[in-house]
Amino acid sequence: MKESMDYKSAGVDIEAGNEAVRRIKQHAAATHAKAVLTGLGSFGTMYSLRDAIAGMRDPVMVQSTDGVGTKTKVSVMARQYEDLGRDLVAAVAGDIAVMGARPLTFLDYVGMHKIEPAVMEELVRGMSAACVEAGISLVGGETAEMPAVYAKDDLDVVGFVTGVVDREKVLTGAGIVAGDVLYGVSSSGLHTNGWSLARKVLFERGGHAIDARPPELKGASLAEVLLAPHANYVMPIRKILDAGIPVKGMAHITGGGLVENVPRILPEGLGAMIDRRTWTPQPIFSLMQQIGNIEDIEMHRTFNMGVGLVIVAPAGLQSDLAAATKEFPHLCVWELGRVESADGVKFGGV
């Protein structure tokens with residue numbers, strides 16, 4: 001007689017998946033605004049837009065999706081996952097916040113070789129905490145156990161955000177002119193970009209273990225520095241916009257660094273001159289550059305170099321921006337450079 005087969009014998013543990021859902025329900029529910037009309041477990045999520053678009057003349061829906069790259073590999077090395085959940089929300093929500101949109105809902109996809117309910121709970125606990133900070137409802141997601149697709153310890157994390165903005169308040173950068181100022185807002189570290197190079201430099205060429213404490217990090221371990229969660233810019237941006245500061249454009253400094261992200265908001269024919277003397281990147285960046293013998297332009301094209309957000313506005317507004325973000329003492333705002341009548345990004349003061 002042939003042996004009876006089931007889903008578990010094919011590598012998928014339904015019971016583990018159900019346990020993961022049971023663990024994460026409470027964390028997701030803590031993020032739900034009154035507009036959320038369905039709980040986890042429905043075939044789809046219903047969200048009432050009545051209050052979200054109240055007072056808007058021409059509401060525009062804004063959506064984005066992104067992942068956290070191979071930072072997942074470092075989280076697996078350290079067996080720390082909660083801050084990875086924070087990373088995901090901050091990375092994706094920041095992309096629509098810089099367009100002037102208010103993020104409303106968040107969905108996630110987590111793919112792995114084998115579902116570990118404790119790992120899923122950590123991830124969603126982090127996502128939920130970040131959603132609460134940003135006023136976003138975590139309304140659902142998908143957890144995929146696929147041993148034929150993901151190798152042992154593989155983890156894939158992707159987020160999807162939906163928000164809304166009145167068309168007249170969309171930030172496109174169209175009004176930017178030469179002479180406007182670039183204001184930098186500090187990052188918390190590597191955030192979620194450049195990790196393939198970072199891992200190769202630190203762990204392969206540098207030979208460091210995840211718990212190593214290189215003297216350049218002043219007592220901190222690589223795990224502590226590398227896994228610092230992505231700064232969540234959603235509420236700081238809302239504070240700036242609600243204060244009526246005449247912001248013309250914002251750039252979330254993600255993949256491509258300052259070199260590629262700042263030009264995305266500049267009108268044709270305009271470029272940026274960034275003064276490298278105005279800030280000092282965190283020590284992790286100089287450590288990687290030294291170990292990898294990485295050229296300056298490559299560093300600024302791969303990593304955020306300590307700048308997580310760039311705001312373009314008229315001159316003389318640094319104190320106003322600092323005042324608007326005073327509730328977020330971990331963030332620093334300074335004059336980073338200026339818009340000029342030339343294409344591309346140039347670095348001065350190096």
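**View 1. Helix 3 is mostly covered in this predicted model**. Of the 16 residues of helix 3, 13 are buried. The helix comprises residues 82-97, and at 1.5 Å a residue it should span 22 Å. Its end C-alpha atoms lie 23 Å apart, which agrees with that expectation.

**View 2. Helix 2 meets helix 5**. The axes of helix 2 (residues 71-78) and helix 5 (residues 195-205) come within 8 Å of each other and cross at roughly 45 degrees. Because angles from 35 to 65 degrees fall between roughly parallel and roughly perpendicular, helix 2 is oblique to helix 5. On the side of helix 2, the residues in contact are K71, K73, V74 and M77. Helix 5 contributes W195, R199 and F203. The residues of this contact comprise four nonpolar and three charged ones, with no polar residue.

**View 3. The largest nonpolar core holds 54 residues**. Those that touch the most other members are F106, L123, M127, L155, M250 and I311. Helix 4, formed by residues 117-134, gives the most to this core, with eight residues. In soluble globular proteins, nonpolar side chains tend to be buried together.

**View 4. The surroundings of I311 within the structure**. When residues up to four places away in sequence are not counted, I311 touches V181, L182, Y183 and V185. The further contacts of I311 are I240, V247, G249, M250 and L321. M250, like I311, is one of the residues of the largest core that touch the most other members.

**View 5. A second core is separate from the largest one**. This second core has 25 residues, among them A78, I210, A223 and F285.

How values were computed:
Residues are numbered from 1 along each chain as its sequence is written. This is a predicted model: local features need pLDDT of at least 70, side-chain atom pairs count only at pLDDT 80 or more; totals for chains, interfaces and linings use all residues. Side-chain values use heavy atoms; hydrogens and water are left out. Helices (H or I, at least four residues) and strands (E, at least two) are DSSP runs, numbered from the N terminus. The expected span of a helix is 1.5 Å times one less than its number of residues. Buried means under 20% relative accessible area, exposed over 50%, partly exposed in between (1.4 Å probe, protein chains only). Axes are lines fitted to C-alpha atoms, for helices over the stretch in contact, and angles run from 0 to 180 degrees between N-to-C directions. Angles under 35 degrees count as roughly parallel, over 145 as roughly antiparallel, 65 to 115 as roughly perpendicular and the rest as oblique. Contact means heavy atoms within 4.5 Å. Ala, Val, Leu, Ile, Met, Phe, Trp, Tyr, Cys and Pro count as nonpolar, Asp, Glu, Lys and Arg as charged, and the others, Gly among them, as polar. A nonpolar core is a set of buried Ala, Val, Leu, Ile, Met, Phe, Trp, Tyr and Cys residues joined through side-chain atoms within 4.5 Å.
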